[in-house]
Amino acid sequence: MPTPPWKQSHYPGKRHRLRDAAAEGQLVIVRCNLCRRTATYLATDLVALLDPERDALRPPFRCSKCGNEQFIRVSVRVPYAGDWGHLQVRRPGPVRVIQTWRTVRLGD
């Protein structure tokens, strides 16, 4: 079985952590090569949700479309000047609490 992409070092001699990527203002680009879905995250958002000492090239989540983690490829880069105002980035949204109901007998 081949080595997973997140275990292959793109930065020889240095472990590129998520907090390093956030400090440099990098984008984390996650692509599923099985279903061809791509999502772009800000590294600063992922630091708030995940462990800052985590490897930046390790997949943060499973693919939301096919649910697979085996075919995910992660890359990091600094945003280009043309990205501002045009690139769609996934950001954390509001947390919603949903009220559930259950049926019980009167008096229980």
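These are my notebook entries on a predicted model, written in the order I looked things up.

**Entry 1: the overall layout**

I began with the secondary structure and found two helices and three strands in the protein. Reading along the sequence, I get the pattern α-β-β-α-β. The chain has 108 residues, and 28% of them count as buried. I also looked up the surface: the protein exposes about 8300 Å², with carbon and sulfur atoms supplying 52% of that area. For contacts with a separation of 6 or more, I noted that 65% are between residues 24 or more positions apart.

**Entry 2: the sheet**

What is the order of the strands in the sheet? I read it as β2-β1-β3, an open sheet of three strands with antiparallel pairing. β2 (37-42) and β3 (72-77) stand at the edges with a single partner strand each, so one side of each has no neighbour in the sheet. The twist from one strand to the next averages 20°. A reminder to myself: strands of a sheet pair through backbone hydrogen bonds, either parallel or antiparallel.

I then went through the two pairings. β1 (residues 27-32) pairs with β3 in the antiparallel sense over six bridges. At the start of β1, Leu27 has Arg77 of β3 as its bridge partner. Further along, Cys32 stands opposite Ile72 in β3. On the β2 side, six bridges also join β1 to β2, and these strands run antiparallel. There I noted Val30, whose bridge partner in β2 is Ala39.

**Entry 3: the two faces of β3**

Which side chains of β3 are buried, and which are not? I found an alternation along the strand: Ile72, Val74 and Val76 point to one face and are buried. Arg73, Ser75 and Arg77 point to the other face and are not buried.

**Entry 4: the core**

Next I looked up the largest nonpolar core, which has 17 residues. The members that touch the most other members are Leu18, Val28, Val30, Leu46 and Ile72. I checked where the core residues come from: α1 (18-23), β1, β2, α2 and β3 each supply at least two. Two of those names were already in my notes, since Val30 is the bridge partner of Ala39 and Ile72 is on the buried face of β3.

I followed Leu18 a little further. Leaving aside neighbours within four places in sequence, its contacts include Val28, Ala43, Leu46, Val47 and Leu50. Asp51, Pro52, Arg54, Asp55 and Ala56 are also among the contacts of Leu18. Asp51 made me curious, and I found it in the loop between α2 (43-49) and β3. Its C-alpha atom is 7.8 Å from that of Leu18, although the two are 33 residues apart along the chain. Asp51 is partly exposed, with a relative accessible area of 45%.

**Entry 5: the hairpin and Arg36**

I turned to the hairpin of β1 and β2, which has four residues between the strands. Arg36 lies in this loop between β1 and β2. Its phi is near 65°, a positive value in a residue other than glycine. Is Arg36 buried or exposed? I have Arg36 down as exposed, with a relative accessible area of 60%.

**Entry 6: the cysteines**

How many disulfides does a search of the whole structure find? My note says zero. A disulfide is a covalent bond between the sulfur atoms of two cysteines. Why is Cys32 not bonded to Cys35? The closest cysteine sulfur to that of Cys32 is in Cys35, at 3.6 Å, which is too far for a bond. The sulfur of Cys35 has its closest cysteine sulfur in Cys63, at 3.4 Å, and that is also too far for a bond. For the search, the cut-off was 2.5 Å between the sulfur atoms. I also checked the accessibility of Cys32: at 2%, Cys32 counts as buried.

**Entry 7: Arg90 after the last strand**

My last stop was Arg90, in the segment after β3. Which residues does Arg90 touch, not counting those up to four places away in sequence? I listed Arg37, Ala39, Thr40, Tyr41, Leu42 and Asp45. The C-alpha atoms of Arg90 and Thr40 are separated by 6.0 Å, with their positions 50 residues apart along the chain. At 47% relative accessibility, Arg90 counts as partly exposed.

Conventions: Residues are numbered from 1 along each chain as its sequence is written. This is a predicted model: local features need pLDDT of at least 70, side-chain atom pairs count only at pLDDT 80 or more; totals for chains, interfaces and linings use all residues. Side-chain values use heavy atoms; hydrogens and water are left out. Two strands pair if DSSP finds at least two bridges between them. Axes are lines fitted to C-alpha atoms, for helices over the stretch in contact, and angles run from 0 to 180 degrees between N-to-C directions. Buried means under 20% relative accessible area, exposed over 50%, partly exposed in between (1.4 Å probe, protein chains only). Contact means heavy atoms within 4.5 Å. Accessible areas come from the Shrake-Rupley method with a 1.4 Å probe; for residues, only the protein chains shown count as cover. A nonpolar core is a set of buried Ala, Val, Leu, Ile, Met, Phe, Trp, Tyr and Cys residues joined through side-chain atoms within 4.5 Å.
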